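Please open the structure in your viewer, with a cartoon for the backbone and sticks ready for the side chains. The tour below goes from one selection to the next and says what is to be found at each stop.

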Amino acid sequence: MKANFSRSRRRSGRASMLAELPMILWAVLMVVAFPIVDLATVFLRITFSYAGVHYASISAARANSFSNPVDGKPSAKAEALSKIKQVESSFSGLTITNINTAILITRNDTLALSSQSVPLPTPADQSVNSYQIEVSADCSAQPLIPIPIPVKVEGLNAPITLHLSAKQYCENPQGLTI
């Protein structure tokens with residue numbers, strides 16, 4: 001006895017799409033969507049870090065002294081440290097290390113630049129030099145959802161680390177000797 005199957009059953013296009021949809025969605029999410037969300041989160045956190053370093057440099061430039069408090073007001077170094085730590089504690093996924101506050105001295109005639117992390121040994125002379133406060137720090141931002149891939153990629157499955165710095169003209173150069 002021979003069975004006669006003249007009609008063959010074909011799968012509809014809709015059924016093929018439903019069978020392939022989970023694999024396509026997984027590929028789109030893992031290859032496109034999650035990495036974009038991770039990178040956006042990392043760069044948003046780095047932007048917050050830079051805003052903190054910039055704000056710390058503004059606060060340090062307004063301080064009355066460089067390293068020692070005067071009249072109960074914090075020094076430039078203490079002001080910068082407190083502002084950066086305030087930003088670090090406000091946002092998750094941020095780590096800020098190696099915070100450095102320095103005096104940048106620019107000669108007005110030659111534009112030669114020098115830097116020092118200690119108070120000036122002589123009073124500031126604004127007719128010869130201009131004075132800036134520079135705050136720099138190493139900032140590390142964690143991705144929101146680390147992507148499980150075998151290769152280490154900063155920003156996707158490992159933290160991205162940048163050295164950020166900002167400088168502002170000193171509002172009280174005579175306090176740089178204290």
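Begin by selecting glutamate 88 and lysine 85, which both lie in helix H2, 3 residues apart, or about one turn of the helix. The model you are looking at is a predicted one, and in it these two side chains form a salt bridge whose closest N and O atoms are 3.1 Å apart. Are the two partners buried or exposed, or something in between? Glutamate 88, at 18% relative accessibility, counts as buried, because the cut-off for that class is under 20%, whereas lysine 85 is partly exposed with a relative accessible area of 38%.

**The whole chain**

Now zoom out and colour by secondary structure, so as to see the 2 helices and 4 strands of the chain. Starting from the N terminus, the elements follow one another as α-α-β-β-β-β. If you colour by accessibility instead, 33% of the 178 residues of the chain count as buried.

**Along helix H1**

Select residues 13-61, which make up helix H1, and pick out valine 28 within this helix. At 43% relative accessibility, valine 28 counts as partly exposed. Show the surface here and add Ile24, Val31, Val32 and Ile36 to the selection, since together with Val28 these residues make a nonpolar surface patch of about 450 Å².

Further along the chain, how many aromatic pairs does the structure hold? There is 1 such pair, and to see it you should select phenylalanine 48 and phenylalanine 91, whose rings are stacked, with 4.1 Å from centre to centre and 10° between the planes. Phenylalanine 48 belongs to helix H1, while phenylalanine 91 sits in the loop between helix H2 (76-90) and strand E1 (94-107), so the pair ties together parts that are 43 residues apart in sequence. Both rings can be checked against the surface: phenylalanine 48 counts as partly exposed at 29% relative accessibility, and phenylalanine 91 is also partly exposed, with a relative accessible area of 31%.

**The sheet**

Next, hide the helices and display the strands, of which 4 form an open sheet in the order E2-E1-E3-E4, with antiparallel pairing. Which strands lie at the edges? They are strand E2 (113-116) and E4, each of which pairs on one side only. Turning the view along the sheet, you can follow a twist that averages 30° from one strand to the next.

Select strand E3, residues 129-141, where 11 of the 13 residues are buried, so that the strand is largely enclosed by the rest of the structure. On one side, E3 is joined to E1 by 12 bridges, and the two strands run antiparallel. Two positions help to trace this pairing: threonine 97 has aspartate 138 in E3 as its bridge partner, and isoleucine 105 has tyrosine 131, likewise in E3. E3 also pairs with strand E4 (residues 160-169), in the antiparallel sense and over 10 bridges. To place this second pairing, select glutamine 132, whose bridge partner in E4 is tyrosine 169.

**Charged pairs elsewhere**

Bring the side chains back for the final stops. Side chains of opposite charge can pair when their charged atoms come close. In this model the count comes to 4 salt bridges, and one of them, within helix H2, was the opening stop.

Another is found by selecting arginine 62 and glutamate 171, whose closest N and O atoms are 3.5 Å apart. Where in the chain do arginine 62 and glutamate 171 lie? Arginine 62 is in the loop between H1 and H2, and glutamate 171 is in the segment after E4, so that this salt bridge links distant parts of the chain, 109 residues apart. Arginine 62 counts as exposed at 54% relative accessibility, and glutamate 171 is exposed as well, with a relative accessible area of 56%.

For the last selection, choose aspartate 109 and arginine 107, the side chains of which meet in a salt bridge at 3.3 Å, N to O. Here aspartate 109 is exposed, with a relative accessible area of 56%, whereas arginine 107, at 35% relative accessibility, counts as partly exposed.

How values were computed
Residues are numbered from 1 along each chain as its sequence is written. This is a predicted model: local features need pLDDT of at least 70, side-chain atom pairs count only at pLDDT 80 or more; totals for chains, interfaces and linings use all residues. Side-chain values use heavy atoms; hydrogens and water are left out. Patches are made of residues with over 30% relative accessible area and no salt bridge: like charges are joined within 9 Å, nonpolar side chains (Val, Leu, Ile, Met, Phe, Trp, Tyr) within 5 Å. Accessible areas come from the Shrake-Rupley method with a 1.4 Å probe; for residues, only the protein chains shown count as cover. Buried means under 20% relative accessible area, exposed over 50%, partly exposed in between (1.4 Å probe, protein chains only). Rings of Phe, Tyr and Trp (its six-membered ring) pair if their centres lie within 6.5 Å; planes under 30 degrees apart count as stacked, over 60 as edge-to-face and the rest as tilted. Two strands pair if DSSP finds at least two bridges between them. Axes are lines fitted to C-alpha atoms, for helices over the stretch in contact, and angles run from 0 to 180 degrees between N-to-C directions.
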